[in-house]
Amino acid sequence: VEIMMEEIKFFIDVCINSLPIGSVYCLLALGFVLILKATRMLNLCQGEMMMLGAYITYGFMQMKWPFAVAILASIVLNAAVAFVVEKFILRKVIDKPPFVLLLVTVGIGTVIVGLTGILWGVEQKIMEIPNFSKTVNLLGFRMTYGKVSIILLSLVFIIILGLFFKLSRRGMAMRATASNWSASMLMGVNIGNVFSASWILASILAVFPGIFLAKSIILEPGISVYGYVGLSALVLGGMDSILGTIVGGFAIGIVEGIAAIYIGGQAKHLAGFIVLFLVLMVRPTGLFGTKKVERV
Amino acid sequence: MTSQGQKNKLRSESAKSKWTNAEALFRKEKRIVKSKTDALFMIACLFIVLSLPWYTSRYVIYIATLVLINIIAVQGLNLLGSTGQVSIGHGAFMAIGAYITAILCHTYHVSFWIAFLVATAITGIIGIFIAFPALRLKEMYLAMVTFSFNLILYLIIAGLKITGGFLGLNVPKPRIGSIILNTEWQLYYLTLFAVFLFLFFTINLSRTRIQRAFTAIRVREISAQAMGISLWGYKTLAFLLASIYAGASGSLLAITLGHITPNNFTVITSIEFIMMLLVGGPGSIVGVILGTMLITMLPFFLMFLTQALSSYFPILVVQFANLKIMIYGVILIVFLIYFPGGFQGILMKFSGYFQRRP
């Protein structure tokens with residue numbers, strides 16, 4: 001019994017330790033859901049937006065700006081990039097089949113990768129963030145400030161967005177756009193603004209996981225791969241559910257943590273994609289997604 | 001009474017003549033060589049392709065071989081696309097073909113010809129397995145399945161010991177009897193032979209019931225099903241054919257490169273295949289060949305351009321990789337937004353200016 005208790009405690013430790021990365025996936029999946037609901041496109045450049053946000057923050061930090069100001073500046077810049085991309089590229093193809101939209105976002109992602117490579121180089125960078133690795137005691141678990149803040153951020157964002165969609169007028173306009181474009185247009189919703197807003201929100205959501213990953217792992221163009229893991233969190237939670245992103249994100253994080261501890265090696269990176277593959281094979285709507293009915 | 005009979009007879013005759021007319025048109029449409037200009041064009045192409053090694057350098061022949069290999073793979077993707085299914089994981093199938101060939105030739109010392117057949121067959125079987133989710137999933141979801149398959153396979157190949165991890169494997173050159181095919185032009189002719197076989201198959205397929213069923217499925221699945229086309233059968237067949245093409249091209253790529261690493265088959269490779277398809281014009285065999293030529297030669301052309309301009313703009317050399325990625329992205333976006341028909345569409349538009357009005 002003693003050994004089993006130890007095992008269980010260890011397992012809980014693993015789960016708790018994989019919460020921060022889970023919240024990263026959670027935020028990424030939230031960005032996917034926002035864009036998917038409003039514009040019906042799968043945005044495969046979310047990971048690249050995340051990387052861009054991290055690089056912009058890094059650039060401002062190099063210029064000796066304080067951390068908070070650097071984050072704000074990178075939020076503004078990232079939102080501007082998202083606005084321009086949506087307004088001048090994706091708006092032109094918004095009525096094309098989903099696959100075309102998906103490929104356009106892939107193209108935008110490669111352009112962003114090239115751009116960051118030109119501006120900051122492709123070699124690995126180390127970010128210095130004050131107070132990031134200071135530890136605190138939370139209910140008996142030791143955690144760094146950075147991890148606590150990313151978990152809190154993800155929860156706060158989900159609650160705010162949930163309330164925003166439920167209560168506010170603009171949130172209602174966004175929900176209306178998600179369910180039917182032409183009807184919401186007839187009801188006086190400016191759906192162009194809704195598209196822009198969803199992209200800007202998604203790009204802002206992408207900044208925080210980017211900074212967290214850049215600090216806790218490394219800053220390089222390769223971190224955009226985490227966007228694809230966020231994709232598997234999205235699919236596990238259901239493609240159009242905000243509640244689903246919480247469950248999906250944390251579940252993927254925990255699965256990765258377990259795979260890393262109990263199997264090891266490449267299994268950590270494989271786990272997320274295998275979950276994506278299996279969920280699509282077995283239950284494409286995910287845990288909380290709505291099922292679509294196709295008519296002739 | 002008689003007038004009625006005559007009328008009936010006349011009607012049946014006119015119907016018959018209409019029918020024969022339509023049949024003649026259909027026969028003409030079914031022909032591979034439709035006119036004399038077509039025949040001349042084909043002969044010219046054949047002559048250029050066959051005589052290429054006589055007057056070009058080894059480097060050019062190597063690039064041409066890569067183009068030919070990609071042509072096989074992209075024709076497979078084109079077949080899959082003609083059923084309306086999309087795959088962002090075509091590079092993964094190519095990787096399977098290449099690695100099976102490499103493992104068989106390098107580790108087990110099997111002859112290349114057997115390894116080629118085995119690799120193609122196994123890739124086909126794996127393609128059938130990937131086809132199972134495709135029967136339920138569409139567009140975005142299918143794209144994600146194939147995409148995740150590519151990501152998974154990349155990590156598996158990089159992690160396994162038998163594939164040599166990130167260091168990759170050496171692939172011995174094939175041999176016929178005692179002759180080792182190790183020069184560029186020998187491999188070029190070998191690949192060219194394979195391309196002819198596959199193109200012959202593709203062109204013939206485009207005249208059969210199978211291709212028409214594919215098109216019907218693409219246009220509207222439910223009406224295709226109502227006409228008695230088995231969705232299950234034909235979608236699986238499309239995946240089988242596409243993965244066979246990819247496996248064969250991967251196998252040829254393995255011997256052409258001589259050394260393969262997982263980085264030859266990343267997600268970017270799959271996206272490049274889709275770019276070849278889109279730039280060429282999906283659905284058309286000639287267009288796809290053109291698109292493949294353009295996209296495959298693009299990095300070599302850019303490299304040439306950079307070297308030519310390096311004395312004026314030294315920054316180009318430093319930023320070459322990044323600029324290349326950016327140019328790829330821009331080409332993808334521009335073709336998707338402004339030229340959805342690809343190169344074939346542009347050609348059609350262009351030739352339309354010179355045609356008389358119907």
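1. A good place to start is the interior. The largest nonpolar core holds 201 residues, and the members that touch the most others in it are L42(A), M239(A) and L252(B). Helix α2 of chain A, residues 19-39, supplies the largest share of this core, 14 residues. In soluble globular proteins, nonpolar side chains tend to be buried together. Please keep in mind while reading that this is a predicted model.

2. M239(A) deserves a closer look. Setting aside its neighbours within four places in sequence, M239(A) is in contact with V33(A), L36(A), L42(A), L234(A), T285(A) and G289(A) in chain A, and with M140(B), Y141(B) and M144(B) in chain B. L42(A), one of these partners, is also named with M239(A) among the core members that touch the most others.

3. On to the interface. Contacts between the two chains involve 44 residues of chain A and 39 residues of chain B. The buried area comes to about 3800 Å², and carbon and sulfur atoms give 81% of that. For chain A, the elements giving two or more residues to the side that touches chain B are α5 (98-120), α10 (226-237) and α12 (267-282). The most comes from α5(A), with 16 residues. Sorted by class, this side of chain A has 32 nonpolar, six polar and six charged residues.

4. What is the count of salt bridges between chain A and chain B? It is zero. As for polar contacts, the rule finds three residue pairs across the interface of chain A and chain B, with both residues at pLDDT 80 or more.

5. Over all chains, the structure holds four salt bridges. In chain A, one of them joins the side chains of R91(A) and E86(A), at 2.9 Å from N to O. The two partners sit in contrasting surroundings: R91(A) is partly exposed at 25% relative accessibility, whereas E86(A) is buried at 0%.

6. Also in chain A, K125(A) forms a salt bridge with E123(A), and their closest N and O atoms are 4.0 Å apart. You may want to look at the lysine here, since K125(A) is buried, with a relative accessible area of 11%. Its partner E123(A) counts as partly exposed, at 48% relative accessibility.

7. In chain B, the side chains of E184(B) and R58(B) meet in a salt bridge of 3.1 Å, N to O. Which parts of chain B does this pair tie together? E184(B) lies in helix α7 (residues 184-205) and R58(B) in helix α3 (residues 58-81), so the pair links parts that are 126 residues apart in sequence. E184(B) is partly exposed at 23% relative accessibility, while R58(B) is exposed, with a relative accessible area of 59%.

8. A few words on chain B as a whole. Chain B has 15 helices and four strands. Its C-alpha atoms fill a box of roughly 90 × 50 × 45 Å along the principal axes. Of the 358 residues in chain B, buried residues make up 46%. Among contacts in chain B between residues at least 6 apart in sequence, 77% join residues at least 24 apart.

9. L302(B) offers a local example from chain B. This leucine is found in helix α12 (residues 285-309) of chain B and counts as buried, at 12% relative accessibility. Leaving out neighbours within four places in sequence, L302(B) is in contact with F320(B), K324(B) and I327(B). The C-alpha atoms of L302(B) and I327(B) are separated by 9.6 Å, and the two residues are 25 apart along the chain.

10. Finally, two backbone points to check on screen. K64(A) has a positive phi of about 65° although it is not a glycine. K64(A) lies in the loop between α3 (46-62) and α4 (67-88) of chain A, and is exposed, with a relative accessible area of 74%. In chain B, H109(B) has a positive phi of about 55° and is not a glycine either. H109(B) is placed in the loop between α4 (90-107) and α5 (112-134) of chain B, and is exposed, with a relative accessible area of 65%.

Conventions
Residues are numbered from 1 along each chain as its sequence is written. Chains are lettered from A and ligands numbered from 1 in the order in which they are written. This is a predicted model: local features need pLDDT of at least 70, side-chain atom pairs count only at pLDDT 80 or more; totals for chains, interfaces and linings use all residues. Side-chain values use heavy atoms; hydrogens and water are left out. Contact means heavy atoms within 4.5 Å. Buried area is the accessible area (1.4 Å probe) that two parts lose on being put together, summed over both. A polar contact is a pair of N or O atoms within 3.5 Å; within protein, one must be able to donate a hydrogen and the other to accept it, and residues adjacent in sequence count only if both atoms are side-chain atoms. Ala, Val, Leu, Ile, Met, Phe, Trp, Tyr, Cys and Pro count as nonpolar, Asp, Glu, Lys and Arg as charged, and the others, Gly among them, as polar. A nonpolar core is a set of buried Ala, Val, Leu, Ile, Met, Phe, Trp, Tyr and Cys residues joined through side-chain atoms within 4.5 Å. Buried means under 20% relative accessible area, exposed over 50%, partly exposed in between (1.4 Å probe, protein chains only).
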